[in-house]
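Biologist: Thanks for sitting down with me. Could we go through this model together, term by term?

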Amino acid sequence: MGRVYYGSPMNKLPNELLDRIFVWLKLMLPHCPHCSLSAFIWSPVLRVNRRWNEVATRCSFLWTDLEISLNIPRSYFKNSNIQPLVLWWFQNAAAALGVTLDQRAVYFPRARSLSLIGRPHDSS
């Protein structure tokens with residue numbers, strides 16, 4: 001990891017403003033299944049430094065778009081707190097990993113929407 005320059009203006013921002021910047025960034029990202037929409041997009045932010053990790057982790061809005069066809073860390077679901085979830089299911093990815101929708105049922109009670117992408121494989 002690179003060096004952190006504590007004299008940088010970014011390190012002087014109040015946590016509340018940093019939180020708002022993260023929210024603004026999420027709102028500006030394209031909302032489509034072919035973009036990096038899942039919570040994985042925030043992984044690099046978590047690695048900037050401890051403070052950014054803490055601010056981003058506490059900002060539950062950042063963790064509401066989940067690609068449940070992947071093996072996402074449970075912490076992403078936990079970070080979303082009680083926010084409604086936007087769930088994405090990519091059939092091809094799920095089939096490759098051997099994941100079924102039944103295995104992801106824990107996410108459904110908080111789902112605001114569930115987008116199913118792709119076709120199920122023929123069993124014939």
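Biologist: How do you describe the way the axes of helix 1 and helix 3 cross?

Modeller: The two axes come within 10 Å and cross at roughly 60 degrees. Axes here are lines fitted to C-alpha atoms, for helices over the stretch in contact, with angles from 0 to 180 degrees between N-to-C directions. Helices are DSSP runs of H or I with at least four residues, and strands are runs of E with at least two, numbered from the N terminus. A word on the source: this is a predicted model, where local features need pLDDT of at least 70, side-chain atom pairs count only at pLDDT 80 or more, and totals for chains, interfaces and linings use all residues. Residues are numbered from 1 along each chain as its sequence is written, and side-chain values use heavy atoms, without hydrogens and water.

Biologist: What makes the contact between these two helices?

Modeller: Helix 1 gives Asn15, Leu18, Asp19 and Phe22, while helix 3 gives Arg51, Trp52, Val55, Ala56 and Arg58. Contact means heavy atoms within 4.5 Å.

Biologist: Why are the buried residues of helix 3 said to line one face?

Modeller: Those residues are Trp52, Val55 and Ala56; buried means under 20% relative accessible area, exposed over 50% and partly exposed in between, with a 1.4 Å probe and protein chains only. Seen down the helix axis, they fall within an arc of 95 degrees, so they line one face. The arc is taken from the directions from the axis to the C-beta atoms. Arg50 and Arg58, on the other side of helix 3, are exposed.

Biologist: Which residues have the most contacts inside the largest nonpolar core?

Modeller: They are Phe22, Leu62, Leu66 and Tyr107, in a core of 23 residues. A nonpolar core is a set of buried Ala, Val, Leu, Ile, Met, Phe, Trp, Tyr and Cys residues joined through side-chain atoms within 4.5 Å. Leaving aside neighbours within four places in sequence, Phe22 is in contact with Trp42, Val45, Trp52, Val55, Ala56 and Leu62.

Biologist: And what makes the link from the side chain of Arg110 to Gln83 a polar contact?

Modeller: The side chain of Arg110 reaches the backbone oxygen of Gln83 at 2.9 Å. A polar contact is a pair of N or O atoms within 3.5 Å, one able to donate a hydrogen and the other to accept it within protein, and residues adjacent in sequence count only if both atoms are side-chain atoms, so this pair qualifies. Arg110 and Gln83 are 27 residues apart in sequence and 7.4 Å apart in space, C-alpha to C-alpha.
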